[in-house]
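Hi,

Here's the structure I said I'd pass on. Have a look at it first, then read my notes below.

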Amino acid sequence: MKKVLMVAAKANMIQQFNMRNLAILTNLGAEVHVAAAFENFGTVDDQTNCQLIMDLTEMGIVLHQINFDRGLGRLMVNYQVMTQLRRLIGENQYDLIHVHSPIGAALTRLASWGTGCPVIYTAHGFHFFRG
């Protein structure tokens, strides 16, 4: 069975853009894990976040709290996030990691360095472009 980790800095990214991707992966028989900030979850309200956690759990998805900060974050917080991700990736030996936020992608790539696990990043908008 293939093991896939989906990462987003904030849980709202999973709720807003990835529920169908998660369903596809589980229907293909993959063991799916999601790593995100479920405690500081982003732009959705508390009730929506609680529903997301219940929905993911019912789908059989393994959830991991990662303490991502907002935006670029603080250096020490980013170091702690990389440590959390490195431990998670090392303990689970994923076959694929799919990331869905710019900072999450950068920190996940650094954390997975040397593991041989492919990391895919999907851009959901170009935050640097003002046009």
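Strand 1 (residues 3-10) and strand 2 (residues 31-37) pair up in the parallel sense, over six bridges. One pair to look for there is valine 7, which stands opposite alanine 35 in strand 2. Keep in mind that this is a predicted model.

Strand 1 also has a partner in strand 4 (residues 96-99): four bridges join them, and they run parallel. Valine 7 turns up again here, standing opposite valine 99 in strand 4. How covered is strand 1? Mostly covered: eight of its eight residues are buried.

Next, helix 3, which covers residues 46-58. You can check its length yourself: at 1.5 Å a residue, its 13 residues should span 18 Å (you count one less than the number of residues). The end C-alpha atoms of helix 3 are 18 Å apart, which agrees.

Which residues of helix 3 are buried? They are Asn49, Leu52 and Leu56. Seen down the axis of helix 3, these buried residues fall within an arc of 55°, so they line one face of the helix. The general rule behind this is handy: an α-helix has 3.6 residues a turn, so residues three or four places apart point the same way. On the other side of helix 3, Gln47 and Glu58 are exposed. And what covers the buried residues of helix 3? The cover includes helix 1 (11-17), helix 2 (19-27) and strand 3 (62-65).

Now a couple of backbone angles. Helix 3 is followed by glycine 60, which has a positive phi, near 85°. Glutamine 93 has a positive phi too, of about 50°, although it is not a glycine. That's worth a second look, because most residues other than glycine have a negative phi. Where is glutamine 93? You'll find glutamine 93 in the loop between helix 4 (75-92) and strand 4. Glutamine 93 counts as exposed, because its relative accessibility is 62% and the cut-off for exposed is over 50%.

Last, the cysteines. How many disulfides does a search of the whole structure find? Zero. As a reminder, a disulfide is a covalent bond between the sulfur atoms of two cysteines. Cysteine 50 is partly exposed, with a relative accessible area of 38%, whereas cysteine 117 is buried, at 13%.

Have fun with it!

Key:
Residues numbered from 1 in each chain as written. Predicted model: local features only at pLDDT ≥ 70, side-chain atom pairs only at ≥ 80, totals over all residues. Heavy atoms only, no water. Buried < 20%, exposed > 50% of the residue type's maximum accessible area, 1.4 Å probe, protein only. Helix = DSSP H or I, 4+ residues; strand = E, 2+ residues; numbered from the N terminus. Pairing = 2+ DSSP bridges. Disulfide = S-S within 2.5 Å. Arc of directions from axis to C-beta. Contact = heavy atoms within 4.5 Å.
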